[in-house]
Structures are given as C-alpha cells and as structure tokens.
Amino acid sequence: MKRLAFILPALLLASCDSAPQATFADASITLPDDPLDLPDLPGRDAVIGNCTACHSPSTMLQQPKVSREKWEKQVAKMIEIYKAPVDPAAIPQIVDYMVAVQAEQAAAEQGNVSRETSGQAGPKGGLEGV
Ligand code: HEC
C-alpha cells in the first residue's frame with residue numbers, strides 16, 4: 001500500500017508535467033492568399049508603381065465590374081481624397097489595365113458561376129458610390 005501511495009502522485013505529476021507544456025508548434029502563421037497577384041496584362045507596372053503602396057491588389061481586384069468612366073473617377077478619387085501620388089501619365093494605363101482585368105475576370109467567371117451567385121455584383125460599396 002505504501003508503494004501505491006507513492007506511485008499514484010508520481011503518475012499524476014508525470015501527466016501534469018506533459019499536458020500543459022506550452023510548445024508553440026501551432027503558432028506558425030500561414031498567411032492568407034492576399035495580396036492577390038495582379039494578372040499579367042499591359043499596364044500592370046503602372047498599377048504596381050502607383051496603386052499598391054496603400055492597399056493590397058485585392059482591394060482593386062475584388063470589386064464589382066464597373067465601366068471605364070468609373071475607373072477614371074476611382075483613380076481621381078484616390079488622388080483627390082486619399083492624396084495618392086499618381087503619375088498623371090500613368091492614369092490611362094491604369095484605367096486600361098483595370099478595365100481589361102475586369103473583362104478577364106468576367107470571362108473567367110462565365111461557366112463556373114453557380115446560379116446562386118450569378119446575379120450578385122460582388123462586394124458592396126466602394127466603387128458603386130463613385
Ligand atoms: C495614398 C494611398 C492610396 C493610393 C496610392 C491608392 N489608393 Fe486606393 N484606396 C486608398 C484608401 C485609403 C482606400 C479606402 C480604404 C481601403 O479600402 O483600404 C482605397 C480604396 C480603393 C478601392 C476600393 C474602393 C473604394 O473606393 O474604397 C479601389 C478600387 C482603389 N482604392 C483603387 C486604387 C487605384 C486604381 C489606385 C492607383 C491609381 C489606388 N487605389 C491608389 C488609398 C490609396
């Protein structure tokens with residue numbers, strides 16, 4: 001009996017010793033797939049040079065499809081409201097690029113968009129109010 005009285009606490013201690021041990025193996029962080037990469041289309045360099053300093057490309061890529069005029073206004077908004085230092089000569093390239101990217105996105109979506117989502121315009125706000 002004396003022996004058991006010794007072993008039990010020893011076992012308990014042993015299990016306590018291993019259970020709460022803090023290893024940080026689970027703390028490694030997998031970064032999300034953001035920023036999305038900008039598709040390789042003409043004007044990409046202009047966008048990288050002028051538009052990705054303040055937000056990730058996904059801010060531009062995950063937008064409802066809008067017209068060229070709205071993209072022009074969007075760039076103007078970045079310059080006027082957020083004081084984006086955009087090279088005026090790059091603006092047409094940026095607008096062309098965004099229009100081309102959205103056309104490509106729309107083409108890619110056709111065929112793999114389910115009926116539930118096909119009527120939706122994407123995230124609300126942002127560009128729609130421009
Ligand atoms: C000086 C910083 C800055 C630069 C440079 C900049 N933006 Fe923005 N942009 C912002 C801020 C601030 C917001 C609003 C907050 C957010 O979504 O991060 C924003 C939001 C946006 C949005 C989301 C819709 C909206 O209006 O909120 C789009 C699209 C966008 N920017 C496009 C562009 C494009 C294209 C360029 C390059 C011409 C650009 N941005 C350069 C600061 C900037």
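Let's start in the middle of things, with helix α2: among what covers its buried residues are helix α3, residues 57-61, and helix α5, residues 91-109. Keep in mind, everyone, that we are looking at a predicted model.

So which residues of α2 are buried? Helix α2 covers residues 44-51, and the buried ones there are A46, V47 and C51. Viewed down the axis of α2, these buried residues sit within an arc of 100°, so they line one face of the helix. If you are new to helices, here is a handy thing to remember: an α-helix has 3.6 residues a turn, so residues three or four places apart point the same way.

Now let me step back to the whole protein for a moment. You can count 5 helices and 0 strands, and from the N terminus the order reads α-α-α-α-α. There are 130 residues, and 12% of them count as buried. Take the contacts with a separation of 6 or more: 73% of them join residues 24 or more positions apart.

Back to α2 and its partner α5. How do they pack? The angle is about 110°, and the axes are 8 Å apart. The two helices are therefore roughly perpendicular to each other, and α2 passes α5 in a left-handed crossing. On the α2 side, the contact is made by R44, A46, V47, N50 and C51, and on the α5 side by Q93, I94 and Y97. Sort the residues of this contact by class and you get 5 nonpolar, 2 polar and 1 charged. Notice that A46, V47 and C51, our buried residues, appear in that contact too.

Helix α5 also packs against α4, which spans residues 68-80. Here the angle is about 130°, with the axes 9 Å apart, and α4 and α5 are therefore oblique to each other. What is the handedness of this crossing? It is right-handed. From α4 come R68, W71, E72 and V75, and from α5 come I91, I94, V95, M98 and V99. By class, that makes 7 nonpolar residues, no polar ones and 2 charged. Please look at I94 in the viewer: this residue of α5 takes part in the contact with α2 and in the contact with α4.

One last stop, still on α4: residue K70. Is K70 buried, exposed or partly exposed? There are 19 other C-beta atoms within 10 Å, and buried takes 20 or more, so K70 is partly exposed. Along the chain, K70 and L127 are 57 residues apart, yet their C-alpha atoms are separated by 7.3 Å. Thanks for listening!

How values were computed:
Residues are numbered from 1 along each chain as its sequence is written. This is a predicted model: local features need pLDDT of at least 70, side-chain atom pairs count only at pLDDT 80 or more; totals for chains, interfaces and linings use all residues. Helices (H or I, at least four residues) and strands (E, at least two) are DSSP runs, numbered from the N terminus. Two residues are in contact if their C-beta atoms, placed from the backbone, lie within 7 Å. The arc is that of the directions from the helix axis to the C-beta atoms. Axes are lines fitted to C-alpha atoms, for helices over the stretch in contact, and angles run from 0 to 180 degrees between N-to-C directions. Angles under 35 degrees count as roughly parallel, over 145 as roughly antiparallel, 65 to 115 as roughly perpendicular and the rest as oblique. A crossing is left-handed if the near helix is turned anticlockwise from the far one by less than a right angle, and right-handed if clockwise. Ala, Val, Leu, Ile, Met, Phe, Trp, Tyr, Cys and Pro count as nonpolar, Asp, Glu, Lys and Arg as charged, and the others, Gly among them, as polar.
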